[in-house]
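User: I have this model open and would like to talk it through. Can you keep it short and plain?
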Protein chains: 4
Amino acid sequence: MPQPEAVRAPQGAGLADEYRRTRRLTAALAAPLSEADATIQSMEDASPAKWHLAHTTWFWETFLLRDRLPGYRLHREDWPFLFNSYYEAEGARIARGDRGLLSRPTVAEIGRWRDHVDAAMAPLLDDPDCAALIALGIAHEQQHQELLLTDIKHALFQNPLGPAMWDRAASRGEGRGGRQDMDSDGWHSHPGGIALIGHDGQGFAFDNEGPRHRVLLEPFALARALVTNGQWDAFIADGGYRDARLWLSDGWAWVNEHGIRAPLYWGEGEAGRGREGQAFTHCGWQERDPAAPVAHISYYEADAFATWAGARLPTEFEWEAVARGQHVERAPAHDPAGGNQLDHPDDWEGGGDRAGPPIPRGGEGLFGDCWQFTRSAYLPYPRFAPCEGAVGEYNGKFMSGQFVLKGASCATVRGHSRASYRNFFYPHQRWQFTGLRLAKDI
Amino acid sequence: MPQPEAVRAPQGAGLADEYRRTRRLTAALAAPLSEADATIQSMEDASPAKWHLAHTTWFWETFLLRDRLPGYRLHREDWPFLFNSYYEAEGARIARGDRGLLSRPTVAEIGRWRDHVDAAMAPLLDDPDCAALIALGIAHEQQHQELLLTDIKHALFQNPLGPAMWDRAASRGEGRGGRQDMDSDGWHSHPGGIALIGHDGQGFAFDNEGPRHRVLLEPFALARALVTNGQWDAFIADGGYRDARLWLSDGWAWVNEHGIRAPLYWGEGEAGRGREGQAFTHCGWQERDPAAPVAHISYYEADAFATWAGARLPTEFEWEAVARGQHVERAPAHDPAGGNQLDHPDDWEGGGDRAGPPIPRGGEGLFGDCWQFTRSAYLPYPRFAPCEGAVGEYNGKFMSGQFVLKGASCATVRGHSRASYRNFFYPHQRWQFTGLRLAKDI
Amino acid sequence: MPQPEAVRAPQGAGLADEYRRTRRLTAALAAPLSEADATIQSMEDASPAKWHLAHTTWFWETFLLRDRLPGYRLHREDWPFLFNSYYEAEGARIARGDRGLLSRPTVAEIGRWRDHVDAAMAPLLDDPDCAALIALGIAHEQQHQELLLTDIKHALFQNPLGPAMWDRAASRGEGRGGRQDMDSDGWHSHPGGIALIGHDGQGFAFDNEGPRHRVLLEPFALARALVTNGQWDAFIADGGYRDARLWLSDGWAWVNEHGIRAPLYWGEGEAGRGREGQAFTHCGWQERDPAAPVAHISYYEADAFATWAGARLPTEFEWEAVARGQHVERAPAHDPAGGNQLDHPDDWEGGGDRAGPPIPRGGEGLFGDCWQFTRSAYLPYPRFAPCEGAVGEYNGKFMSGQFVLKGASCATVRGHSRASYRNFFYPHQRWQFTGLRLAKDI
Amino acid sequence: MPQPEAVRAPQGAGLADEYRRTRRLTAALAAPLSEADATIQSMEDASPAKWHLAHTTWFWETFLLRDRLPGYRLHREDWPFLFNSYYEAEGARIARGDRGLLSRPTVAEIGRWRDHVDAAMAPLLDDPDCAALIALGIAHEQQHQELLLTDIKHALFQNPLGPAMWDRAASRGEGRGGRQDMDSDGWHSHPGGIALIGHDGQGFAFDNEGPRHRVLLEPFALARALVTNGQWDAFIADGGYRDARLWLSDGWAWVNEHGIRAPLYWGEGEAGRGREGQAFTHCGWQERDPAAPVAHISYYEADAFATWAGARLPTEFEWEAVARGQHVERAPAHDPAGGNQLDHPDDWEGGGDRAGPPIPRGGEGLFGDCWQFTRSAYLPYPRFAPCEGAVGEYNGKFMSGQFVLKGASCATVRGHSRASYRNFFYPHQRWQFTGLRLAKDI
């Protein structure tokens, strides 16, 4: 949870506006889904769209309304058991894998809960004492917007009919070019030295982004472009998935146990059923663009590819050092090539609140398209301490076994990420828009 | 599959009427369900309600329209992959446990498929060459009506909110009495001797009910009444679930592995969360009637109770011998105390096609309330041969590891069962309305 | 447990002799094994050889010495926890799958326990009150002799080196011929009618072989010879393992889950590592004799083969009816073509107590070579009641999910089996010498 | 694999002596074990003692004799399949969990292989070209000495009889005192700054200890003493295992899934069967010394304890920085309070090659007693590159999901560890002598 000084901006009207815009966007993202689409759960890692609509609302009701608004009564006494995610301090809850069995409450009933909570929140939105928690709640809901998108993609992918959430016709155009090969010009060089790592305290940040501290770096170079589908085709053609020497031990066991032979959602994989050259998207099965960034790979795959390419993954510190050098930290949303597409009025015909399909197209910025695996384990920074209370469970308790990812993806809302942002997943997980930016020693 | 001679009646107009009534009832049963209710799947044994609506339609399309109606084209080429259940001869299909991930096609789309198939079936309904297969298709759809009811009960039970499919207010009244204790008058005595077992060839029967053959029986007695909730309470109070001596070895392992301590759906079990004295029904959580038959028990529990009670389970042959003595074989539907409630105009306000909640209430007949475990393994009768072709997979290939159940349940449509009917489940399964009728040697 | 009248013979000196011969043979069977061989456990179904040596001794100590010999003190107070198999009435015990972790006590320590118990048993061997239990104990130890042989075969099979327990050189000769094809002369015909089934009370029998009762049979024929390796080769060559139509549903799932493509121990299977035409035996990998009976098949495989061959499995009643007609019930050990080879002085150079490798060679008798699957589920006979006390757990509690096998195998000690004998295993188990004798309707 | 410059010492006679001493010690460690003790495998993580004797021999035969000694022929062509551990480049091998099924070859046969290989190695021991690989082989065999000890402890622990490998009488004395509480004097303070991390190239080191590089540290303090059994008792008494707030999310799931409530081998745990205050050792069940270091804890437990104690785990860099300050890097073996007891003549009556039971007793040094969890994930150092060829699989391919442990344990041979040594295990593993040294920010 942010310390008070970490949330100096935005406040007041800005914060209230962002609250409303965020709440509206969550509902807009789920709008194309039927009641059934919004209910199904394809694996324990993923949650139903309806559950995301409810859980984000539970967050506001629990940590703001219940705790901060005198006299507030819970909308339904028995719903917190359903929609608490993992907060032990908030008590028991249904098993994570059973979220997809909740045909009730309905999407409409949850919609009424959302309206009820939004109305009740009004007096708190301008309360300076609540600003830090509200900023956290907005960031929380933005994270669930991305999860809603990646989870429903995984759910629809299970359907042999290959259903689309959005029409291809309505989607944005093809890749924008500007992508580069891994030639001599394709690298950001960095001389190494002492870098300041972690959030600077201006604006909101999660607790795990601090404290700011110094890290000593060796000279290195970071690729300007993400690895592309075409490059991944070459990796496969060269037998990449069959050569044990390229793989981490855990990765090789994972490849063999699950019969992995392509990124998730590629037609060449098990579930693709022979759709060579295609990938499953929110618009159904589509031809892959060889020049677009590869997405939906695991850490194991990223590491194996890097080994095959004679390179390596960057550390989170290297990535952040380059990101700061680019002065993009504070404004990824304004970088026209930077991705973060969802909530951008220019990208989507309907305007700012109109959501659309996330598809990596490629660009020069460090942010957008795909979250980028680093070889840094997700661990606490020096002198890190989680917040007090239940929200202290937000980040700190997950600090074992996972890897840090940097950047943002085509499913990340504009303004959500920053150079100090630390996303984290287990090395086998790949249902997020996860990609790969190579690094090398120089 | 029935041999031609096995389907001498009904035919012609009778068969066509039954086709239409059956199709209408299936839709009526699913009517109270939302799109989400109809989509979820709570375990591999159970299927979504929507899937039942589709699979029964696939059966008509595949075995009648495709094979018998010249020029018929499949409604959708890619749907058989989704809705074939287990017919190897009909090709590949989605994994059984993935049926609950099919948010598409929608209930409405499946409804249009049902209409399309019903319209296309019209010319075949009077075709004598098709009568045997049509009778099979009707019996098949009636079985899925029962499964739809038991599967959705299991699905709704997973929801901590305890949702109801029907209002309790609209359900039929309390138990009808007429139940008896296990005293001296509570038994049908049978002198033993040679009994004729199996279907007599009048009217429809499944292939596994024949050939009719002779079986030699020892003298025995069969309880007039099913074991009740109150008797089961006494079994629990006496430590029945904690006494290894009462249990089959496999049953004791099952009890301990799953922490079983009450019938499925009882509030005393794991998922009941402390609702003592209640049971989950299609009308939500309700007080249990001590005089009503116990339901939703496994073979292991039935056997342990019988041992505790100093009795045993009947064989399927004993049960059938008594059933024939009662002359109830052909007409369970006309026995006012016999259960088979679903499609009975007098039982439900809205008339013959209006469906309602199945709840065991108790009665004197052998049929109705609960399917009754026998100690007979489900095995072929002498000279049994499955039908030719894909429908030969209907019954014969399941003849290992399962037990025969006789009678019918409150979820069985009237007229579906008969004395020779052989239902079958694995000994651990208990999501059907399974109960217990004791037997003893005399 | 046998009722008193069931154990009229043998008694007195005969029983004492049989006790000593049985105890001696158990030790002789384990003699070729190293301490390590005797300790390992290859799967939960199988037990270490050392454990068999100990468990059989526990049986005598528990049910005879502790309960019947005044003043007897347990050899070691903490060993019953290790060597109780499944008797719930005798208290807790180590998990079945952990038996292979007992490097202590040693084989020598268990040998001293065996000697100690044998000495202590002397006064009871002539006690008529103990005769029934002693006969049971002998039969029990004979069953474990067979298990010791089949379990160690499975354990040695896991070793890629293919180690031998006995030299091939020292083994008995090749098959004895006398085998027949399935032509018109290859069948025992039986006219059907009422047959008396179950033990007649002369000599020892297990409780599950009674009570004797009448069963009504249809006319049938039973093959004179077991199905051979050569016939099984033809089944494989005809695609038997790849044709779903031949298989029970559970069997087809088993075949696909485990990648089954040949009997256990055949070089064509997964673990055979390309040893085509060979099979693993107690003498290591050996060429298969096409004329010898096929062994180590599951019920599923037996049923699929029978379907492929246009025949079926016999019922246990059919098998027993033919066996009685042959007057072999009481004397399988004296049938020179009947198998039951282990303890036969003429079969093995070293004399009566010298054990040797069990290998099916084929013969005309119903007994020997391989246990033969029937299509009868293992269920209680009419009026069956298990014995009182812990030994009542011997047979009755296993009466669900298993199938009856008749006959005896090359690993069954002479005199152990009889026409009424009911062996039982789950349909997927095949590490016993299980084979197939076809039946057909006539 | 060490780079040439990393193996400047020892060479020549020193290296040959160390080879012989190491080989002798391995055999001595296994000497108290019976053939059966040496064969069993208690879990997939652990290997049989016999397998360690063989695998270490396979290492010499494969990487030295086969590759470097002209004309050498493998002792047995089919043994590499059995005794290759995880070297993909060396081909297929038996499944890891099947190592305990190898009753053959015998300990004696493996002993002859050891002798054969030792004899064949003679000409290579003085060959400078082989020195690097020989140093690696010695370090490899020393690691397996420790594994042999921890694996057999785990195996014997499974036995309800609680067998001892060594007599308690023959074991060394009680703890040596010198342990301190966590008071103000109990901490090494460190001012932070730039530290040199990694091996300096003098003497042998594994490839994962380099390259040496600079790391920037914040000020911190490291506890002088390991956390003790008595302190752990207080953690348990305070409800440490039942308070979710103390635990990492993965750790809390692990505690609940496995019912963890004490360190492995404590009598209070599941397998201890009520032996309160005791712990299982190589000398059987023994009273715990409250002043001795706690051992056999997981990373999750270490982290939860540190949180409970208001402290944290050190990073591997902090630990190493303190270790260098103590000038103990090169000579842990000479620190009389430092542990590393196994091969020390003064510690054990029989002299240098006589091995004895490893038991943590406590001491002031950083090395010995227990490996100490750090909060550093096991990841590559900057510019790390694994060696060429199969030995490149030694360390690098395990760099995901594991944590670094520093120091050494009472089961580590003297001279094996050093300040730059990086041991690594998964966060749930605790069958090694794993303990906890706290750190804190200052």
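**Helices, interfaces and odd bonds**

Analyst: In this predicted model, helices α6(A) and α8(A) are roughly perpendicular to each other, because angles of 65 to 115 degrees count as that (under 35 is roughly parallel, over 145 roughly antiparallel, the rest oblique). Helices (H or I, at least four residues) and strands (E, at least two) are DSSP runs, numbered from the N terminus.

User: What should I know about numbering and cut-offs before we go on?

Analyst: Residues count from 1 along each chain as its sequence is written, and chains are lettered from A and ligands numbered from 1 in the order in which they are written. Local features need pLDDT of at least 70, side-chain atom pairs count only at pLDDT 80 or more, and totals for chains, interfaces and linings use all residues, while side-chain values use heavy atoms and leave out hydrogens and water.

User: OK. At what angle do α6 and α8 of chain A pack?

Analyst: About 80°, with the axes 11 Å apart. Helix α6 covers residues 229-237 of chain A, and helix α8 covers residues 299-308. The axes are lines fitted to C-alpha atoms, for helices over the stretch in contact, and angles run from 0 to 180 degrees between N-to-C directions.

User: Which residues make that contact?

Analyst: From α6(A) come A:Gln231, A:Trp232, A:Ala234 and A:Phe235. From α8(A) come A:Glu301, A:Ala302, A:Ala304, A:Phe305 and A:Trp308. Contact means heavy atoms within 4.5 Å.

User: How do they divide by class?

Analyst: Seven are nonpolar, one is polar and one is charged. Ala, Val, Leu, Ile, Met, Phe, Trp, Tyr, Cys and Pro count as nonpolar, Asp, Glu, Lys and Arg as charged, and the others, Gly among them, as polar.

User: What about α6 and α8 in chain C?

Analyst: Their axes come within 11 Å and cross at roughly 80°. That makes α6(C) roughly perpendicular to α8(C). C:Trp232 and C:Phe235 are among the α6(C) residues there, and C:Phe305 and C:Trp308 are among those of α8(C).

User: New topic. How does chain B map onto chain A?

Analyst: A turn of 180° with a shift of 0.0 Å along the axis lays chain B on chain A, at an RMSD of 0.0 Å. The two copies are thus related as by a two-fold rotation axis. In chain B, the C-alpha nearest that axis belongs to B:Ala36, 2.2 Å away. The fit is by least squares on the C-alpha atoms of residues with pLDDT of at least 70 in both copies.

User: How many residues from each chain touch there?

Analyst: Chain B gives 27 and chain A gives 27. The same surface serves both copies, since 100% of the contact residues of chain B recur in chain A.

User: What area is buried between them?

Analyst: About 2,200 Å², with 65% from carbon and sulfur atoms. Buried area is the accessible area (1.4 Å probe) that two parts lose on being put together, summed over both. In chain B, B:Leu101, B:Arg104 and B:Leu161 lose the most area to chain A, together 31% of what that side buries.

User: How many salt bridges between B and A?

Analyst: Two. In one, the side chains of B:Arg104 and A:Asp37 meet at 2.8 Å, N to O. A salt bridge is a side-chain nitrogen of Lys or Arg within 4 Å of a carboxyl oxygen of Asp or Glu.

User: And how many between A and D?

Analyst: The rule finds zero across that interface. The buried area is about 2,700 Å², and carbon and sulfur atoms give 55% of that. A:Leu216, A:Glu218 and A:Arg383 supply 22% of the area chain A buries there, more than any other three residues. In contact are 30 residues of chain A and 30 of chain D.

User: How many salt bridges over all chains?

Analyst: The search finds 80. A:Glu90 forms one with A:Arg66, the closest N and O atoms being 2.9 Å apart. A:Glu90 lies in the loop between α3 (80-83) and α4 (107-121) of chain A and A:Arg66 in helix α2 (residues 49-68), so the pair ties together parts that are 24 residues apart in sequence.

User: Last one. Where is there a cis peptide bond?

Analyst: One joins A:Gly210 and A:Pro211, with omega about -5°. A:Pro211 sits in the loop between β2 (193-197) and β3 (213-217) of chain A. The bond from D:Arg104 to D:Pro105 is cis too, with omega near -5°.
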